[in-house]
Amino acid sequence: MMQEKEKERYLRQMAVKEWGEKGQEAMKKSTFLIIGAGGLGCPAAQTLAASGAGRLLLVDGDVVETNNLSRQFLHTAERLGMNKAESAALALRALNPYVQIEPIPRRVDEEALRTLVRRADVVLDCCDNSATRHAVNRVCHDERKPLVTAGCIRAMGQISVFDFRTQSEPCYACSFPKDSEQDLKASSLGVLTILTTLMGTLEAAEAAKLVTGAGSVLTSRLLLVDLLHGDFQTLALTPDPDCLVCGRRRSSSAGLS
Ligand SMILES: [Zn+2]
């Protein structure tokens, strides 16, 4: 239960009828696992902490570098060289002391990831590489945990929700097969701060809606954002029966590499 002082923080938010005190209590009871405390993870974690999340598990094995500071707002020049999960935790605790912040300052293997996913109510993929994205998708599918995933290149963003609590949903791998060249493309093409901030905030929005039940989420849909031209499009996603992660036609020996 929230203390009076704590409730006071969220008065404006609780005044929205789709959210209300019920939504606020649901946030308070929820654990959000955020993979990556970079361009997407910073705005996502900041928004969820300010919105009254109960607990944030924040994973990142990298340290703060100068070129991160233009878009990863939880880090500061004074914390260059500090682990990103630890640096973000300092900022988030200052922002909202009612939120339990648990930094995991290392790269996690699939087994460690599974342990973290089991503790979470929602998983936010805020990483910057396709290998991790596929591993997170696989583990969330196996553990039946809802996953919010987003990606950014230049001024183009995409976001989707895979709610593995229901059986008939497509997964990330249905639409995005493994592509090792994708990461190279992303880092060489660059990315705009105005895009990562937007997409990370959208990830927080989808995660918050998943736990509060407010509105509806982007399940089986992909929201594509072309920020330079103000163009937002939503595409339908369909399950691939031959998908190596969730496909109904896959043999018992196939996949899960
Ligand atoms: Zn799939």
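Start with the zinc ion in this predicted model: its donors are spaced along the chain as C-x2-C-x68-C-x2-C. Select Cys171, Cys174, Cys243 and Cys246, and show their SG atoms, which lie 2.3 Å from the zinc ion. Turn on angle labels if you like: the four donor atoms make angles of 91 to 124°, and the site is tetrahedral.

Next, keep just Cys174 and Cys246 on screen. Cys174 belongs to helix H8 (residues 172-175) and Cys246 to the segment after strand S8 (231-236), so this pair ties together parts that are 72 residues apart in sequence. Are these two cysteines buried or exposed? Both Cys174 and Cys246 are buried.

Now move to the hydrophobic interior. Select Phe32, Leu48, Leu56, Leu92 and Leu124: within the largest nonpolar core, which has 40 residues, these have the most contacts. Colour H10 as well, since this helix gives the most to that core, with seven residues. A second core, of 27 residues, lies apart from it and includes Leu33, Cys140, Cys171 and Cys174, the last two being zinc donors.

Zoom in on Phe32 and display its neighbours. Leaving out residues up to four places away in sequence, Phe32 touches Met27, Leu48, Ala53, Arg55, Leu56, Leu57, Val122, Leu124, Ala207, Ala208 and Val211.

Met27 leads you to the last stop, helix H3 (residues 20-28), where the buried residues are Gly20, Gly23, Gln24, Glu25, Ala26 and Met27. What covers them? Show helix H2 (11-14), strand S1 (31-35), helix H4 (41-50) and helix H10 (193-212), which are among the elements that cover the buried residues of H3.

How values were computed: Residues are numbered from 1 along each chain as its sequence is written. This is a predicted model: local features need pLDDT of at least 70, side-chain atom pairs count only at pLDDT 80 or more; totals for chains, interfaces and linings use all residues. Side-chain values use heavy atoms; hydrogens and water are left out. Donors are N, O and S atoms within 2.8 Å of the metal (3.2 Å for Na, K and Ca); water is not among the atoms, so sites may look incomplete. Four donors count as tetrahedral if all angles lie between 85 and 135 degrees; four count as square planar and six as octahedral if opposite donors are over 155 degrees apart and all others between 65 and 115; anything else is irregular. Helices (H or I, at least four residues) and strands (E, at least two) are DSSP runs, numbered from the N terminus. Buried means under 20% relative accessible area, exposed over 50%, partly exposed in between (1.4 Å probe, protein chains only). Contact means heavy atoms within 4.5 Å. A nonpolar core is a set of buried Ala, Val, Leu, Ile, Met, Phe, Trp, Tyr and Cys residues joined through side-chain atoms within 4.5 Å.
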